[in-house]
Amino acid sequence: MGEEVYKLTKKQVIRRNKIHAAMTAQMKENGTYKEPFIDISERYIAMWEVSMMLEDDIQKRGVQIMTEKGPKKNDSVAMLTNMNKQMLICLEKLGLSVSTVKNELGGDI
């Protein structure tokens with residue numbers, strides 16, 4: 001049974017790179033571009049990638065999925081909510097302002 005491996009689209013890769021660059025620039029400006037903050041920023045980017053996978057799953061399968069026992073909520077919905085909370089905590093720990101990064105990118109993080 002071959003499992004499908006999720007790959008980011010070119011658009012998502014560009015977006016991820018812009019987000020990472022904006023975070024790095026803001027960290028350098030704030031004087032926080034050093035360990036362990038760099039590690040936290042890398043974890044944020046990894047969580048961002050996972051959130052893209054969860055969003056894709058929700059778009060493909062919907063908020064409810066059919067099982068042998070009937071309809072069931074798609075676990076990706078709750079996982080995405082939790083992931084978003086963790087991502088916001090990372091930004092807070094890094095001392096990054098969502099509005100500053102958002103303005104630099106012209107869209108949401």
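Trainee: Let me start at Arg61: what does its relative accessibility count as?

Mentor: Arg61 counts as partly exposed, at 43% relative accessibility. Keep in mind that we are reading a predicted model.

Trainee: Which residue forms a salt bridge with Arg61?

Mentor: Start with the general idea: side chains of opposite charge can pair when their charged atoms come close. Here the partner is Asp57, and the closest N and O atoms of Asp57 and Arg61 are 2.7 Å apart. Asp57 is buried, with a relative accessible area of 18%, whereas Arg61 is partly exposed.

Trainee: And how many residues apart are Asp57 and Arg61 in helix α2?

Mentor: The general idea first: an α-helix has 3.6 residues a turn, so residues three or four places apart point the same way. In our case Asp57 and Arg61 are 4 residues apart in α2, which means that about one helical turn separates them.

Trainee: Where else do side chains meet in a salt bridge, for instance at Lys60?

Mentor: Lys60 meets Asp56, with 3.1 Å from N to O. Lys60 and Asp56 are also 4 residues apart in helix α2, which runs over residues 37–61, so about one helical turn lies between them. The two ends of this pair read in their own ways: Lys60 is exposed, at a relative accessible area of 57%, while Asp56 counts as buried at 18%.

Trainee: How many salt bridges does the count come to?

Mentor: The count comes to 5 salt bridges. One of them joins the side chains of Lys72 and Asp75, at 3.2 Å from N to O. Lys72 is partly exposed at 34% relative accessibility, and Asp75 is partly exposed as well, at 42%.

Trainee: What about polar contacts, say the one at Asp39?

Mentor: Asp39 has its place in helix α2. A polar contact of 2.8 Å links the side chain of Asp39 to that of Arg43. Asp39 counts as partly exposed, with 33% relative accessibility.

Trainee: Let's turn to whole helices. How far apart are the end C-alpha atoms of α2?

Mentor: The idea is to compare an expected span, built up at 1.5 Å a residue, with the distance between the ends. For the 25 residues of α2 the expected span is 36 Å, and the end C-alpha atoms are 36 Å apart, which agrees. Try α1 next: its 21 residues should span 30 Å, and its end C-alpha atoms lie 30 Å apart, again in agreement.

Trainee: Which helices do the buried residues of α2 pack against?

Mentor: They pack against α1 (10–30) and α3 (75–94). The buried residues of α2 include Ile38, Tyr44, Ile45, Met47, Trp48, Met52, Leu54 and Ile58. On α1, the buried residues include Ile19, Ala22, Met23 and Met27, along with Gln12 and Arg16.

Trainee: What should I look for just after each helix ends, and which residue follows α2?

Mentor: Check the phi angle there. Gly62 follows α2, with a positive phi near 85°. Likewise, Gly31 follows α1, and its phi is positive, near 80°.

Trainee: One last topic, the rings. What sits over the ring of Tyr33?

Mentor: The charged end of Lys28 does, 5.0 Å from the ring centre.

Trainee: And how many aromatic pairs does the count come to?

Mentor: The count comes to 0 aromatic pairs. For the rings, then, the feature to view is Lys28 over Tyr33.

Definitions and conventions
Residues numbered from 1 in each chain as written. Predicted model: local features only at pLDDT ≥ 70, side-chain atom pairs only at ≥ 80, totals over all residues. Heavy atoms only, no water. Phe/Tyr/Trp six-rings, centres within 6.5 Å; stacked < 30°, edge-to-face > 60°. Lys NZ or Arg CZ within 6 Å of the ring centre and 35° of its normal. Salt bridge = Lys/Arg side-chain N within 4 Å of Asp/Glu carboxyl O. Helix = DSSP H or I, 4+ residues; strand = E, 2+ residues; numbered from the N terminus. Buried < 20%, exposed > 50% of the residue type's maximum accessible area, 1.4 Å probe, protein only. Expected span 1.5 Å × (residues − 1). Contact = heavy atoms within 4.5 Å. Polar contact = N/O pair within 3.5 Å; in protein donor to acceptor, adjacent residues only side chain to side chain.
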